[in-house]
Amino acid sequence: MSVADLVSRWPAALSSRARFSEPLSRHTTFRIGGPAEALVPVASAEEARLALETAGTNVPGCPVRFLGRGSNLLVSDQGVPGLTLTLDGPLASWQKLSTSGDSSHWELGAGASLSAWVEAAGQEGAAGVEKLCGIPGTVGGALVMNAGAWGQEFGAVVTSVTLLSRDGQLTTVALPSLRFGYRQSFFPAGSLLLSCRVTLGMSDPVWLIAQHRECLEHRRTRQPLEFPSAGSYYKRTPLGPAGYLIEEAGCKGWRRGDALVSPKHGNFLVNAGHATAADVRCLAAAVEAAVLTRFELKLEPEVIYWE
């Protein structure tokens, strides 16, 4: 059975949302990427379970990928086969559960915008994630990558995560079983993260909103936000920030096709026009070789490659 045949057998409420040969350049912040064989928004755990279970049963070996806002992603120019699932409806929203004493408790859909929620939480005096304002990904992406900035990490406030395994099993992982590392998490491979619960402290909303503005201004003045990119391309290294090493290796301004090492920030590889994934991979290889020669250190990408 083909993926198109599989989707046609789903309930109309789900199958009608599917888009075939959908260019993923429309769904990544790099504005790069070939087509997804089938891009399907799911709006509930039940729809996600149906998609995963039927794909596994009826299309053996069918690749299934999970797409947030595409902010840490480089997709092959040839696109990707199989199902690409996105989260919609309640799985892309949030709600405050309660406030007790000095704590605020929230439930977040994995498809919700991280930055939008951070701003909304700050307006209600919920503190502990204000430095994450402006990170252009989803809550799910923040969980997978343990998103962080200026000393704050998302994983530090998470108390439980609800996920769906590839075989359709719904599980909630709670403290103390949750584990996060620097720009990484340890959820079972192939799992779809659906939602999480977090606990924040409380502070003055006026101060928190000022912190948001400061973070956004910092990003505006120091990062090349005028160009599409995947954000910071490489992880921090034992020798310091990757951007510093890239600059010291003389790579700022290097170009391959329309892929450019930003003259503004060395750790941003940007799409300066109509860059392809091949352009970016070629440029990244050149940068990595230069840093390896200069510092005898191999850079580790934050960006995830889809092929």
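**Exercise 1. Arg 17 and its partner**

Work out whether Arg 17 is buried, partly exposed or exposed in this predicted model, then find which residue Arg 17 forms a salt bridge with.

*Solution.*
- Step 1: Start with accessibility. Arg 17 has a relative accessibility of 24%. Buried needs a value under 20% and exposed a value over 50%, so Arg 17 counts as partly exposed.
- Step 2: Now look for a carboxylate. Glu 47 is the salt-bridge partner of Arg 17, with 2.9 Å between the closest N and O atoms.
- Step 3: Place the two residues. Arg 17 sits in the loop between helix H2 (12-15) and strand E1 (19-23), while Glu 47 belongs to helix H3 (residues 45-58), so this pair ties together parts that are 30 residues apart in sequence.
- Step 4: Check the other end. Glu 47 comes out at 15% relative accessibility, so the glutamate counts as buried.

**Exercise 2. A salt-bridge network**

Find which residues are linked with Glu 22 in a network of salt bridges.

*Solution.*
- Step 1: Go to Arg 19. The side chains of Arg 19 and Glu 22 meet in a salt bridge, at 3.8 Å from N to O.
- Step 2: Try Arg 26. Here the closest N and O atoms are 3.5 Å apart, and Arg 26 forms a salt bridge with Glu 22.
- Step 3: Put them together: Arg 19, Glu 22 and Arg 26 make up a linked network.
- Step 4: Compare the surroundings. Glu 22 is buried at 8%, Arg 19 is partly exposed at 35%, and Arg 26 is exposed at 58% relative accessible area.
- Step 5: For context, a search of the whole structure turns up 13 salt bridges.

**Exercise 3. Cysteines**

How many disulfides does the structure hold, and why does Cys 133 lack a bond to Cys 215?

*Solution.*
- Step 1: Count first: there are zero disulfides.
- Step 2: Take the sulfur of Cys 133. The closest cysteine sulfur, in Cys 215, is 6.4 Å away, which is too far for a bond; the cut-off is 2.5 Å.
- Step 3: Look at accessibility. Cys 133 is buried at 0%, and Cys 62 is buried too, with 6%.

**Exercise 4. Strand E7 and its partners**

Which strands does E7 pair with, and in which sense?

*Solution.*
- Step 1: Strand E6 (residues 94-100) pairs with E7 (residues 103-109) in the antiparallel sense, over six bridges. As a landmark, Gln 95 stands opposite Glu 107.
- Step 2: Check the turn. The hairpin of E6 and E7 has two residues between the strands, and Gly 101 takes a positive phi near 60° there.
- Step 3: Strand E15 (residues 192-202) also pairs with E7 in the antiparallel sense, over seven bridges. Ser 103 has Gly 201 of E15 as its bridge partner.

Note on methods: Residues numbered from 1 in each chain as written. Predicted model: local features only at pLDDT ≥ 70, side-chain atom pairs only at ≥ 80, totals over all residues. Heavy atoms only, no water. Buried < 20%, exposed > 50% of the residue type's maximum accessible area, 1.4 Å probe, protein only. Pairing = 2+ DSSP bridges. Helix = DSSP H or I, 4+ residues; strand = E, 2+ residues; numbered from the N terminus. Salt bridge = Lys/Arg side-chain N within 4 Å of Asp/Glu carboxyl O.
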